[in-house]
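User: I'd like to learn how to read a few features of a model. Could you walk me through one?

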Amino acid sequence: MSLVSTETVPVKAEPDVVLVRRRIRELSAKLGFSLVDQTKLVTAASELARNTIIYGNGGTLQVETLNGPRTGLRLTFEDQGPGIPDLELALRDGFTTGSGLGLGLGGAKRLVNDFAIESRVGEGTKVTITRWK
Amino acid sequence: MEKIPILRMGDFLLVTIQVDMQDRLAMALQDDLTEMITSSEARGVLIDISSLEIVDSFIGRMLGNIAAISRVLDAQTVVVGMQPAVAITLVELGLSLPGVRTALNVDAGMDLLRGTTNGSKVS
Amino acid sequence: MTTSVHQEAPGIGPIIARHESEILADWIREMSVATRRSDRMKDDEVRSQSAQFLRLMKQATESGGSNIQSPAWQQVRDLLEEVSRSRALAGFSPSETATFVFSLKRPLFEQIRRAYKDQPDHLAAVTWSATELLDSLGLLTTESFQKSREDVIRRQQAELLELSTPVVKLWDGVLALPIIGTLDSARTQIVMESLLQTIVQTNSRVAIIDITGVPTVDTVVAQHLLKTVTAARLMGADCIISGVRPQIAQTIVHLGINLLDVTTKATLASAFAVALDRLGVTFTKATK
């Protein structure tokens, strides 16, 4: 997998969520993702950006463009916040409940191809998602 | 901060969301609508989201809240014009927006509010 | 003439420059003997591609040495990619496509031999670097070829998938979507996209999803159906599921599958009747 380009975006305050959406929309459109795939990735990014701000006390987003053999976008949200005590619980949510409370991690996971999360209480959280074309 | 305009059409309120909303703006809309439903004694709210390219869990919840709140205030809410990509994404997110009535477009939505057609209902 | 061992392709550039038209003519003759596919590609197309390749190769060897990945060779690589792509689409085999490059060897070596007839060491060195160069360029065509074929296959797969889930307009405002075969998650994505797009385009309020052709309905398939129904609803269209055979009805109850309040009918016809009723459409018999 060859990395074509990488950029870092601050995810510190609420206005940054909109900026993240716009940037990911721009990049995924430029890479030629289908409209549905673009929407899924941007929505997942929106969820995770919000988490970083609200639960992680702000952090960063690293965007990597991958190209070879497959084209893809990899987003890494990282913060030095309180961390998530029970990852398994956070990832679990029902499809039809739609209660929408909590971190929405399970939902975001379904919107992307690859999903990885690391979190340590008192140290921070790192979520990496990838969408392939 | 800009506010989303709410138009009044007789007994109904019409909102067209055209801008990518920050959470704050969404909350403001919820508050403004609640206020206006009461003050204008509206019996229906039509929310046009045909320009919205992203509906994430926060905005989804806001729509659900507006529907629930308006019901308490004896008014109906109809959300119209959801884009296919948005619908597919919401479903994947696990949000089915229970309690939110939907229609294909503004015309269909107004028909629904006026009670002139059997409608699309989301339980 | 000074030559350095690995930075330059010693002498290839000037040799091509001096005997370009002769090499081109020989090469084209080699190709027609080797492939005999005049029906697949027009002669003048082959001629123009070859002439262009030779010209670009001359420029590249003169300026950039022998590293074909370097920027000096970009135009050559682009041309080879186009050559590969067009041959892949025309149904050539990978070998036939690589022959485009490899058949240049003999004509080129012939000119090199003539140029260094009395300098065996130099002759060997230049011949070797020429063969290295053409080998790597030939392999490049194979890689491009692979990729083009894979693109074609992927596109055909997508088209097949789309064709197998047609959305039909039954009436003004009523769509029918007959699903034939198993409904897995990949298929569900296609089904949803196809159905929702058509709902928007035709302004249809009712979509009948017919599952007569779906062999088994278990909890997974039911979930996929529910996803589709929910997505359509979010947009403002109602779904009716038809083709629910008695066994399926039993399975649904047995598995405790909750179909929310989706209307289900045994036949497409009865589902259609329900759809028309919802739209307020009635039929009256013409009186003569």
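User: What radius of gyration would a compact globule with 123 residues have, and what does chain B have?

Analyst: Quick ground rules: this is a predicted model, where local features need pLDDT of at least 70, side-chain atom pairs count only at pLDDT 80 or more, and totals for chains, interfaces and linings use all residues. Residues are numbered from 1 along each chain as its sequence is written, while chains are lettered from A and ligands numbered from 1 in the order in which they are written. The radius is taken over C-alpha atoms, and the globule rule is 2.2 Å times the number of residues to the power 0.38. For 123 residues that gives a value near 14 Å, and chain B agrees, at 13 Å. Its C-alpha trace spans about 40 × 35 × 25 Å along the principal axes.

User: How many helices and strands does chain B have?

Analyst: Helices (H or I, at least four residues) and strands (E, at least two) are DSSP runs, numbered from the N terminus. Chain B has four helices and five strands, running β-β-α-β-α-β-α-β-α from the N terminus.

User: And how many residues does each side give to the contact between chains B and C?

Analyst: Chain C gives 19 residues and chain B gives 17. On the chain C side, helix H8 (185-202) and helix H9 (219-235) are the elements that give two or more residues. H9(C) gives the most, with six.

Key. Two residues are in contact if their C-beta atoms, placed from the backbone, lie within 7 Å.
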